[in-house]
Amino acid sequence: MILAELELFHSRPVAPTRRVALGHLDLPSDPAPGFGGLLLGGVVAAHMPRLDPDLFDELNQLTILLERGGRVAQPRLRHRLQTDRIGLTRSVHRLVADGEELVFEFDDKGTAAQQILGAVYAAGLLPYGPRTPVMATIRRAMRWSGKLDNTLVAYLTGLSRDHGWSAEAHRDPMGWALGVLGFTRESGRPGRRAIQRRFRQLLLEAHPDHGGDVGGAATRISELAEARRVLLAG
């Protein structure tokens, strides 16, 4: 199942002009970063190793400018953004669900700068609300060094990397954490004392010595601990 998709068009590496254009965008980002934000972060992380290091600061400034909704003078990262797609090469990047696993499908056409620019410009088109956390996810992705798998997904969402969290947990870490500890968004953000009290209560109930399921105790305790960490850190 396709969860998010980014289509972009770009000049060929041997072309005399360097151009980028956006195509179809399916980037769900509410609640942010959502699957769309994860895909954009993944595209950036996947191509950063091939980006000229001299362009890092310019890229960082571009994310800030787009996040604020500012006017972007062209070119950026030595490429010009345009709407015309004639004569350009098409690349498509996807985030798909394979059971409970989230899998990136990246297109290897074009240069690193073209793919990264496409992701950043696409993030700049998001509504103001989710745009800020999605840009923060992209800046986080700019510093990734590792495999392009669920460890990257966990890194982008802020979840610990030593557990196979569900797709829902990655889509909305805060909402997932609230649900694990029995809170709702409608009731408002719980305070530190309420989080700790609920955690201790549910931890006690999950322990086998107090009637908790022996087979699922370790998983449940791990989820409770991670949910508490997410809420206290958020």
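Q: Buried means under 20% relative accessible area, exposed means over 50%, and partly exposed lies in between. In this predicted model, is Asp107 buried or exposed?
A: Asp107 sits in the loop between β5 (101-105) and α3 (112-124). Its relative accessible area is 19%, and the cut-off for burial is under 20%. Asp107 is therefore buried.

Q: Which residue has its backbone nitrogen 2.9 Å from a polar atom of the side chain of Asp107?
A: Leaving aside residues up to four places away in sequence, Asp107 touches His47, Arg90, Ser91, Val92, His93 and Gln115. One of these supplies the backbone nitrogen that lies 2.9 Å from a polar atom of the Asp107 side chain, and that residue is Val92.

Q: What is the order of the elements from the N terminus on?
A: The protein has nine helices and five strands. Read from the N terminus on, the elements run β-β-α-α-β-β-β-α-α-α-α-α-α-α.

Q: What share of the contacts with a separation of 6 or more comes from residues 24 or more positions apart?
A: The C-alpha atoms fill a box of roughly 70 × 30 × 30 Å along the principal axes, and 48% of the 234 residues count as buried. Among contacts with a separation of 6 or more, the share from residues 24 or more positions apart is 65%.

Q: How many salt bridges does the count come to?
A: Side chains of opposite charge can pair when their charged atoms come close. The protein has 30 positive and 26 negative side chains, with the centres of the two sets 8 Å apart. A pair counts as a salt bridge when a side-chain nitrogen of Lys or Arg is within 4 Å of a carboxyl oxygen of Asp or Glu. By this rule the number of salt bridges is eight.

Q: Which residue forms a salt bridge with Glu5?
A: The closest N and O atoms of the pair are 2.5 Å apart, which is within the 4 Å cut-off. The pair links distant parts of the chain, 89 residues apart, with Glu5 in strand β1 (residues 2-10) and its partner in strand β4 (residues 89-98). Glu5, at 13% relative accessibility, counts as buried, while the partner, at 26%, counts as partly exposed. That partner is Arg94.

Q: In which helix do Glu168 and Arg171 lie?
A: The side chains of Glu168 and Arg171 meet in a salt bridge, at 2.9 Å from N to O. Glu168 has a relative accessible area of 37% and is thus partly exposed. The two residues are three apart, about one turn of the helix, and both lie in helix α6.

Q: Which residue forms a salt bridge with Arg185?
A: The closest N and O atoms of this pair are 2.6 Å apart. Arg185 belongs to the loop between α7 (173-180) and α8 (192-206), and its partner, 13 residues apart, to the loop between α6 and α7. Arg185, at 45% relative accessibility, counts as partly exposed, whereas the partner, at 7%, counts as buried. The partner is Asp172.

Q: Which residue has its backbone oxygen 2.7 Å from a polar atom of the side chain of Arg189?
A: Arg189 also lies in the loop between α7 and α8, and is partly exposed, with a relative accessible area of 48%. Its C-alpha atom is separated by 9.9 Å from that of Met174, 15 residues apart along the chain. The backbone oxygen 2.7 Å from a polar atom of the Arg189 side chain is that of Leu231.

Q: How many of the residues of helix α5 (residues 150-157) are buried?
A: The cover over the buried residues of α5 includes α1 (34-47), β5, α4 (128-141), α6 and α7. Those buried residues are Asn150, Leu152, Val153, Ala154, Tyr155, Leu156 and Thr157. Helix α5 is mostly covered, and of its eight residues the number buried is seven.

Q: Which residue just after α5 takes a positive phi?
A: Helix α5 covers residues 150-157. Just after α5, a positive phi of about 85° is taken by Gly158.

Q: With which side chain does that of Thr132 share a polar contact of 3.5 Å?
A: Thr132 is placed in helix α4, and at 29% relative accessibility it counts as partly exposed. Its C-alpha is 8.8 Å from that of Ala32, although the two are 100 residues apart in sequence. The polar contact of 3.5 Å joins the side chain of Thr132 to that of Glu67.

Key
Residues numbered from 1 in each chain as written. Predicted model: local features only at pLDDT ≥ 70, side-chain atom pairs only at ≥ 80, totals over all residues. Heavy atoms only, no water. Helix = DSSP H or I, 4+ residues; strand = E, 2+ residues; numbered from the N terminus. Buried < 20%, exposed > 50% of the residue type's maximum accessible area, 1.4 Å probe, protein only. Contact = heavy atoms within 4.5 Å. Lys, Arg positive; Asp, Glu negative; His and termini not counted. Charge placed at Lys NZ, Arg CZ, Asp CG, Glu CD. Polar contact = N/O pair within 3.5 Å; in protein donor to acceptor, adjacent residues only side chain to side chain.
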